[in-house]
Amino acid sequence: MTNDAQPDEYERTPPPAVNSYTEWDPLREVVVGSLLGGVFPAWQESMARVVPDAARPVFQELGGTPLPAGLLKAAEDELEGLVEVLESHGIAVVRPDTAEHQVPFRTPHWSSAGGLYAGMPRDLLMVVGDAIIEAPMSWRCRHHEVDAFRSLIKSYFRRGARWLPAPRPQLTDALYRTDGEAHGGTRGGTDGEAGGWAVTEFEPVFDAADFLRFGRDVIVQRSHVTNAFGIDWVRRAIGPEFDVTVVDTDDPHAMHIDATIAPLAPGKLLVHPERYVHHEVFDGWDILPAPAPTLPRDWPMYFCSPWVSMNVLSLDPETVVVERQEEPLIEALTGWGFRCVPVDFRHVYTFGGSFHCVTLDTVREGGAARYLSRPARW
């Protein structure tokens with residue numbers, strides 16, 4: 001071998017199949033969900049804590065039946081528009097498998113008239129470093145939702161990613177509060193039995209969308225779908241390399257933290273002006289209260305509030321994808337130094353999410369740095 005020979009190909013370290021430590025490092029690959037074949041969720045009482053009041057009779061009557069075709073088509077067109085935008089920025093996009101959501105299913109303890117959709121991968125999957133975590137979700141209709149993403153997960157695993165599926169929950173009646181006390185959830189309560197949450201501590205459950213990544217730190221809220229048992233499981237699963245901190249939010253309908261807190265870059269935090277409760281880990285960060293959403297009052301919203309408007313997606317520390325008609329938010333972010341990429345997405349709002357919800361960032365540049373304040377007692 002001569003001195004000017006190139007390094008042996010086998011001596012080069014291949015890049016990890018997944019690599020994502022923050023919500024803002026430069027995005028290189030992302031999963032975008034699909035609403036095709038989606039159905040209304042079968043009603044369960046724990047939903048009453050989080051969905052709009054008007055959704056209850058709809059879910060009770062139409063659970064397991066197809067979502068409205070016209071609205072669904074418009075939302076799918078918007079998802080395809082997002083894919084085009086991401087690819088135009090040089091970001092690789094992968095999609096879930098086609099799945100049949102209309103098929104009823106049952107366990108020995110309960111039955112469901114059908115599933116839901118494969119539209120919100122952020123709800124059921126989380127990438128922490130080189131690991132993909134499967135969430136044990138508390139809505140029974142979502143029990144098999146991850147199946148649409150299984151071939152992707154197996155592909156990542158075969159290429160070196162760690163695969164950490166949480167224990168699949170039983171979802172028996174023991175998990176759910178039925179005593180009329182599950183209406184609180186404001187400011188908290190890390191005590192699962194005292195906070196008035198819709199789920200008890202019977203078994204570990206969580207939605208991945210209740211977590212946010214800040215390098216070596218992971219932030220989580222307790223909510224009507226995420227219990228302390230589930231948070232403890234995540235803490236142990238990812239190990240001592242990461243610190244998991246529970247933060248309070250002032251939200252009686254708490255479900256998914258990314259419409260309350262949105263970290264956009266190191267030191268910059270977009271927050272809900274009423275739900276955000278300051279935690280000392282954010283000392284020294286610039287905090288921007290999000291402007292009120294511009295969604296018309298009569299816009300159909302089956303799953304969430306119009307504040308999903310602040311559910312933006314960072315492409316890098318200077319660039320965010322924002323709903324095109326949220327002009328006050330675009331103006332505020334532009335004034336804060338960000339380049340905004342406007343994309344039509346209101347029809348996706350209808351079905352429970354926006355840009356952060358419908359994506360799972362599998363590869364971002366960067367590693368596990370420290371970004372949050374760590375008080376001396378820690």
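In the predicted model, residue T319 is buried, with a relative accessible area of 3%. T319 belongs to strand β15, which spans residues 319-323. Leaving aside residues up to four places away in sequence, T319 is in contact with L313, S314, F338, R339 and V341.

Two of the elements around these residues, β14 (313-316) and β16 (339-343), also contribute to the largest nonpolar core. This core comprises 41 residues, of which F59, L86, W139 and F351 touch the most other members. At least two residues each are supplied by β1, α1 (55-62), α2 (69-88), β14 and β16. The greatest contribution comes from α2, which provides seven residues. The contacts of L86, again without residues up to four places away in sequence, are V30, V32, I91, V93, L313 and L315. A second core of 36 residues is separate from the one just described, and includes A118, L124, V127 and F206.

Aromatic side chains were examined next. The model contains 19 aromatic pairs, counted with ring centres within 6.5 Å. One of these is formed by W24 and W285, whose rings are arranged edge-to-face, with 6.2 Å between centres and 65° between planes. Because W24 lies in the segment before β1 (27-32) and W285 in the loop between β12 (268-271) and β13 (286-289), this pair ties together parts of the chain that are 261 residues apart in sequence. Both W24 and W285 are buried. A further pair, between Y117 and F303, is tilted, with a centre-to-centre distance of 6.0 Å and an angle of 55° between the planes. This pair likewise links distant parts of the chain, 186 residues apart: Y117 is in the loop between β4 (111-112) and α3 (121-124), whereas F303 is in the loop between β13 and β14. Y117 and F303 are buried as well. These two residues are also members of one aromatic cluster, together with F40, W43, F59, Y302 and F351. Of the cluster members, F59 and F351 reappear among the residues with the most contacts to other members of the largest nonpolar core.

Two open sheets of three strands were analysed in detail. In one of them, the strands follow the order β8-β9-β10 and the pairing is mixed. Its edges are formed by β8 (211-214) and β10 (243-246), each of which pairs on one side only. From one strand to the next, the twist averages 25°. Strand β9 (residues 217-220) runs parallel to β10 and is joined to β10 by four bridges. Within this pairing, V220 has V246 of β10 as its bridge partner. Helix α5 (residues 228-238) packs on the sheet and touches β8, β9 and β10, and the direction of the helix makes about 165° with that of β10.

The other sheet has the strand order β11-β12-β13, also with mixed pairing. Here β11 (261-265) and β13 are the edge strands, each pairing on one side only. Neighbouring strands are turned against each other by 25° on average, direction ignored. Four bridges connect β11 with β12, and these two strands run antiparallel. In this arrangement A265 stands opposite K268 of β12.

Backbone geometry was considered last. Most residues other than glycine have a negative phi. Two residues that are not glycine nevertheless show a positive value. L171 has a positive phi of about 60° and is found in the loop between β7 (162-165) and β8. With a relative accessibility of 0%, L171 counts as buried. H256 has a positive phi of about 85°, and is placed in the loop between β10 and β11. H256 is buried too, its relative accessible area being 11%, which is under the 20% limit used for buried residues. The loop that holds H256 thus lies between an edge strand of one sheet, β10, and an edge strand of the other, β11.

Notes: Residues numbered from 1 in each chain as written. Predicted model: local features only at pLDDT ≥ 70, side-chain atom pairs only at ≥ 80, totals over all residues. Heavy atoms only, no water. Phe/Tyr/Trp six-rings, centres within 6.5 Å; stacked < 30°, edge-to-face > 60°. Buried < 20%, exposed > 50% of the residue type's maximum accessible area, 1.4 Å probe, protein only. Pairing = 2+ DSSP bridges. Axes fitted to C-alpha atoms, helices over the stretch in contact; angles between N-to-C directions. Contact = heavy atoms within 4.5 Å. Core = buried A, V, L, I, M, F, W, Y, C linked by side-chain atoms within 4.5 Å.
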